[in-house]
Amino acid sequence: MLAMNKIRIIGSACIAVALAAVVSSCGDGRTTDTGMEFSRNMYDPIGYNPDQLNNNFANKITAQTPPAGTVPIGFDKYPYENTMEGYEEASANFHNPLERTEKNLKDGEVLYLRFCQPCHGESGHGDGSIVKLEKFPPPPSYATGNSSRGGLMKDLTDGKIYHTIYYGLNLMGSHASQLSPEERWKVVMHVHELQQR
Amino acid sequence: MRNISLIFRRVAKSVTLVAILSMATLFVQAQDIKEGESLFKADCSACHGVDRAVIGPALKGVTERHDEAWLISWIHNSQALIASGDEAAIKLFEDHNKLMMPAFPTLTEDNIRNILAYVDDASKPAPAAAGGAEGAAGQQAGASGDVSNFMFGGLIVVLIIAFLVILVLNRVIRTLDRIILKNRESITEGEEGEDDGGESSGKVFVDKLKKLSRNKKLVFFVVLGIVALLSTAGWNVMWNVGVHEGYQPVQPIKFSHQLHAGVNQIDCQYCHSGAATSKNASIPSLNVCMNCHNAVTASEKYNGEVSPEIQKIYNAIDWDPDTRTYGTDTKPVEWIRIHNLPDLAYFNHSQHVTVAGIECQRCHGPVETMAEVYQYSPLTMKWCIECHKETEVNSKDNAYYDQLIAAHDKLKSGEKITAAVLGGIECGKCHY
């Protein structure tokens, strides 16, 4: 009697194994959903997050560009234009308001290592970590190089270095969005240190 | 006879001479090109490419456009050459938006000749590109090969397991068969009518179940087991409601932290610069990407084309890599947020990054090894509190705690302390 069932049992065993194989082969083990959620509205703010989709605006961006001429409270406007003249004016009139204290120098070094070192290098010779990997061309050395705006890198003034951080130059992009005015001055302070090396 | 050998010797001599000479020139040239290449990479590549314009023009064929002496004086000091009234120099300067090229007085004439030799050599259509493409294709094939190997292995394992299961079941069936046959021999004739061979197996099964359901102890244990199973499952589900640990959505651009933070060693805060100063760690805006990707296009991996993922940045910010200019048709990249605290919890990055000095990896896990980011920590209240219970406050040289310590010192020395000193007149204490 069981001899007949034997085929059935073997068959069902085969189907079970096949089913297990099919089910487990789905997906690559990653979780692309957030799992079970309860009261999702407690996660989402009533106001919009800056990086959220927003159907109230034509371009659907929450973080709209402020109207032209708007200035936030406490904003330091950089008055010099991105031209050769602006560059020279900044060099002549724009000076570091921060005192050369040990703390400012230390902060400047930390910021320099974070924002400038990948290209300019720890010692400022244009041998940064990304340059050493040959993924980005080397900028001129602060101590021995020539500036593409004329003159030696060694002679760059407060205003010139600040101007370059603010607007960028050649392959270097503007770092104004990543550094506050005070932080830029701290970096300028550290670059002056590197001009001596 | 003698003549022939004489001619042969002469020919052989000249052939060897030519060979040696050409070898020598090749060798010298190779040396030059090598030195030129390293000089080019160090001094020129920041503004010039061979095949494409970067800041300055592409240098392909530059030795045909200008003669060597002119190039040497231009490279030594282009501004002086322009000032001297050289027409070609002035035209070049005007044609390129009056972009100044730095002077290179330290390069010797031989250095410059080597650089030019390298540029000439690199201008030639290089077979390297084809090799690179092949390499890329090979890599891809390798990757898909890995996947199929893995699947093939899995299939074999499944088959082996299935075979073993069948073997075991076979044996069990045979044993059961034997037992039943033995039992049937001892079964009395009277029950024969009921148990006849024509009976359906379904009915047998129902009968068996009925018999089992009369066994109260068994029923009790089965019910207990089911209740225990369901409650553990329910408990687990409840604990994981709203916990997004392991959440790894597909992002609009295949940005790899493993490449940027791992291989290229870029500081987390270069891009997430808000982490040190604000509540949010800030998703970098595209201008931060462009700080590097205005030059980095990974075209060497894509047959000279811009990498399709980098092209997505260009499309979003409307950047034309050939003319190196921005357009006005910009659109945001819709990154998908992974770490999402409910709005009822306040979290501030700068407090943890700047004041406490905690490494990003403590909460976000080994991001520098993640090709695609996933949520590493559960971000539950329990998880926060466990860390807050253990972490010691580092108040030394930490401006954040200066006032706190000063207030406590005053209290200890018996001075009068008003609520205002402890922040009692801050707006948020009442108007939150």
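This short talk describes a predicted model with two chains, A and B.

Good morning. Let me begin with the overall make-up of chain A. Chain A contains 7 helices and 0 strands. Read from the N terminus, its elements follow the order α-α-α-α-α-α-α. Chain A has 197 residues, and 26% of them are buried. Turning to contacts inside chain A with a separation of 6 or more, 49% join residues that are 24 or more positions apart.

I shall now take one residue of chain A as an example. Arg184(A) sits in helix α7, which covers residues 181-195 of chain A. Is Arg184(A) buried or exposed? A residue counts as buried when 20 or more other C-beta atoms lie within 10 Å of its own. Arg184(A) has 23 such atoms within 10 Å, and it is therefore buried. Which residues does Arg184(A) contact, if we set aside its neighbours within four places in sequence? They are Tyr162(A), Ile165(A) and Leu179(A). For Tyr162(A), the separation in sequence from Arg184(A) is 22 residues, while the C-alpha atoms of the two are 6.7 Å apart.

Next, the contact between the chains. Chain A contributes 49 residues to this contact, and chain B contributes 58 residues. On the side of chain A that touches chain B, helices α1 (2-25), α3 (102-115) and α5 (129-132) each supply at least two residues. The most comes from α1(A), with 10 residues. Sorted by class, this side of chain A has 26 nonpolar, 15 polar and 8 charged residues.

Let us move to chain B and a pair of its helices. Helix α12 of chain B spans residues 286-293, and helix α13 of chain B spans residues 308-317. Their axes are 11 Å apart, and the helices pack at an angle of about 125°. How should we describe this arrangement? Angles of 65 to 115 degrees count as roughly perpendicular and those over 145 as roughly antiparallel, so α12(B) and α13(B) are oblique to each other. The crossing of α12(B) past α13(B) is left-handed. From α12(B), the residues that take part are Leu286(B), Cys289(B), Met290(B) and His293(B), and they meet Ile310(B), Ile313(B), Ala316(B) and Ile317(B) of α13(B). By class, this contact has 7 nonpolar residues, 1 polar residue and no charged residues.

Finally, a word on annotation. An unreviewed UniProt entry lists residues 150-173 and 218-239 of chain B under "transmembrane region". In the model, residues 218-239 of chain B are 100% helix and 0% strand. The C-alpha atoms at the two ends of that span lie 32 Å apart.

Thank you for your attention.

Note on methods: Residues numbered from 1 in each chain as written. Chains lettered and ligands numbered in written order. Predicted model: local features only at pLDDT ≥ 70, side-chain atom pairs only at ≥ 80, totals over all residues. Contact = placed C-beta atoms within 7 Å. Helix = DSSP H or I, 4+ residues; strand = E, 2+ residues; numbered from the N terminus. Nonpolar A, V, L, I, M, F, W, Y, C, P; charged D, E, K, R; others polar. UniProt positions renumbered as here; feature names shortened; annotations may be inferred. Buried ≥ 20, exposed ≤ 12 C-beta atoms within 10 Å, placed from the backbone. Axes fitted to C-alpha atoms, helices over the stretch in contact; angles between N-to-C directions. Parallel < 35°, antiparallel > 145°, perpendicular 65-115°, else oblique. Left-handed = near helix turned anticlockwise from the far one by under 90°.
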